Amino acid sequence: AVMRRVTALARSVIERDQDGNAIRLVGAHTDITDQVEAERAVRQREEEFRTLAEALPHHVWTATPDGALNWFNPRVYEYTGARSGELDGAEWGKVVYPDYMAAAVAALTRAIATGEPYEIEFRLRGSDGTYRWFLARAVPARDEDGRITRWIGTNTDVHDQKLIAGKLAELNATLAERVEEKTRERDRIWSVSQDLLLVADYDGIWRSINPAWTRTLGWSEADARE
């Protein structure tokens with residue numbers, strides 16, 4: 001036979017006679033091995049999650065099913081300068097740039113209502129008082145019945161990428177204007193230059209001459225092409 005170690009919960013009561021004298025002890029043992037093993041497995045998974053989250057270079061946080069933030073890894077405290085517990089609940093909002101707070105709350109509220117992942121970009125205040133751009137994402141963790149047990153989120157620093165994207169957008173917005181200005185400048189030089197300028201194709205055939213040819217030699221563009 002295979003020996004199995006069992007964890008039992010013992011309960012007992014003392015039976016007494018009419019005079020209150022103890023006559024016997026009645027007890028029962030309940031096998032709670034499976035429950036204990038399940039709780040131990042949950043604790044082990046939680047320890048593994050905390051160990052991994054504390055080792056990551058990104059901000060990691062968790063929230064209750066209703067969205068109240070209740071845990072942050074050391075990277076969050078290192079960046080914000082806050083002490084443990086100071087960002088719990090709704091207090092995390094004090095490090096969000098005020099202009100983005102309403103959108104952050106709305107996105108979290110929508111995620112809680114739908115059970116869909118949470119995602120938003122906002123600026124967070126560092127311990128030196130400066131703000132940097134972060135991409136915040138969170139997904140729901142569910143139990144076997146599909147109920148949300150908590151939210152697991154990360155904040156990824158995207159400040160440098162955001163600045164580069166802004167500069168590229170600005171360059172693209174002014175590109176057409178700068179090309180048009182360069183074209184006008186080229187046309188002005190072509191028209192007022194005293195030098196004899198021409199455009200020829202690969203076969204050496206003149207396709208266009210500037211007005212200096214007419215002013216200096218009296219040639220027209222038609223004459224240059226003959």
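**View 1. Lining of the largest cavity, to which strand 5 gives the largest share.** In this predicted model, strand 5 contributes three residues to the lining of the largest cavity, and that is the largest share. Strand 3 (59–63), strand 4, helix 2 (74–80) and strand 5 each supply at least two residues of this lining. The lining is made up of 16 residues, and those lying nearest the centre of the cavity are W61, L69, F72, W92 and N155. By residue class, the lining divides into 13 nonpolar and three polar residues, with no charged residue among them. The space in this largest cavity comes to about 160 Å³, and a search of the whole structure finds one cavity of 30 Å³ or more. Rolling a probe the size of a water molecule over the atoms shows where empty space is left.

**View 2. The open five-stranded sheet and the helix packed on it.** The five strands of this open sheet follow the order 4-3-7-6-5, and their pairing is antiparallel. Strand 4 (69–72) and strand 5 (118–125) stand at the edges with a single partner strand each, so one side of each has no neighbour in the sheet. On average, and with direction ignored, neighbouring strands of the sheet are turned by 30° against each other. Helix 3 (residues 98–114) packs on the sheet, where the helix touches strand 5, strand 6 and strand 7 (148–157), and the direction of helix 3 makes about 155° with that of strand 5. For the wider setting of this view, the chain holds six helices and nine strands, and 23% of its 226 residues count as buried. Among contacts between residues at least 6 apart in sequence, 31% join residues that are at least 24 apart.

**View 3. Strand 3, covered on both faces and paired on both sides.** How many of the five residues of strand 3 are buried? Five of the five are, and strand 3 is accordingly described as mostly covered. The burial extends to both faces, with H59, W61 and A63 on one side and V60 and T62 on the other. Strand 3 pairs with strand 7 in the antiparallel sense over five bridges, and within this pairing V60 has T154 of strand 7 as its bridge partner. With strand 4, strand 3 forms a further antiparallel pairing over three bridges, in which A63 stands opposite L69. Five residues lie between the strands in the hairpin of strand 3 and strand 4, where G67 takes a positive phi near 95°. W61 of the buried strand 3 and L69 of strand 4 also appear among the residues nearest the centre of the largest cavity.

**View 4. Strand 5, with side chains alternating between a buried face and a face that is not buried.** In a regular strand the side chains alternate between the two faces of the sheet. Along strand 5, Y118, I120, F122 and L124 point to one face and are buried, whereas E119, E121, R123 and R125 point to the other face and are not. The antiparallel pairing of strand 5 with strand 6 (residues 131–142) runs over eight bridges, and E121 stands opposite L135 of strand 6. The hairpin of strand 5 and strand 6 has five residues between the strands, and G129 there takes a positive phi near 90°.

**View 5. The surroundings of E119.** E119 has its place in strand 5, on the face whose side chains are not buried. Buried, partly exposed or exposed: which word describes E119? E119 is partly exposed, because its relative accessible area is 49%, and a residue has to be over 50% to count as exposed. Once its neighbours within four places in sequence are left aside, E119 is in contact with A107, L135, A136 and R137. The C-alpha atoms of E119 and R137 are 4.4 Å apart in space, although the two residues are 18 residues apart in sequence.

**View 6. I209 in strand 9.** Strand 9 (residues 206–209) includes I209. I209 counts as buried because its relative accessible area is 6%, whereas the cut-off for burial is under 20%. Between the C-alpha atoms of I209 and A222 the separation is 9.4 Å, and these two residues are 13 residues apart along the chain.

Definitions and conventions
Residues are numbered from 1 along each chain as its sequence is written. This is a predicted model: local features need pLDDT of at least 70, side-chain atom pairs count only at pLDDT 80 or more; totals for chains, interfaces and linings use all residues. Side-chain values use heavy atoms; hydrogens and water are left out. Two strands pair if DSSP finds at least two bridges between them. Helices (H or I, at least four residues) and strands (E, at least two) are DSSP runs, numbered from the N terminus. Axes are lines fitted to C-alpha atoms, for helices over the stretch in contact, and angles run from 0 to 180 degrees between N-to-C directions. Contact means heavy atoms within 4.5 Å. On a 1 Å grid over the protein atoms alone, a cavity is a set of points where a 1.4 Å probe fits but cannot get out, and a pocket is an open set with protein on both sides within 12 Å along at least five of seven lines; lining residues have an atom within 4 Å of a point. Grid points are joined across faces, edges and corners, and a volume is the space filled by probe spheres set on the points. Ala, Val, Leu, Ile, Met, Phe, Trp, Tyr, Cys and Pro count as nonpolar, Asp, Glu, Lys and Arg as charged, and the others, Gly among them, as polar. Buried means under 20% relative accessible area, exposed over 50%, partly exposed in between (1.4 Å probe, protein chains only).
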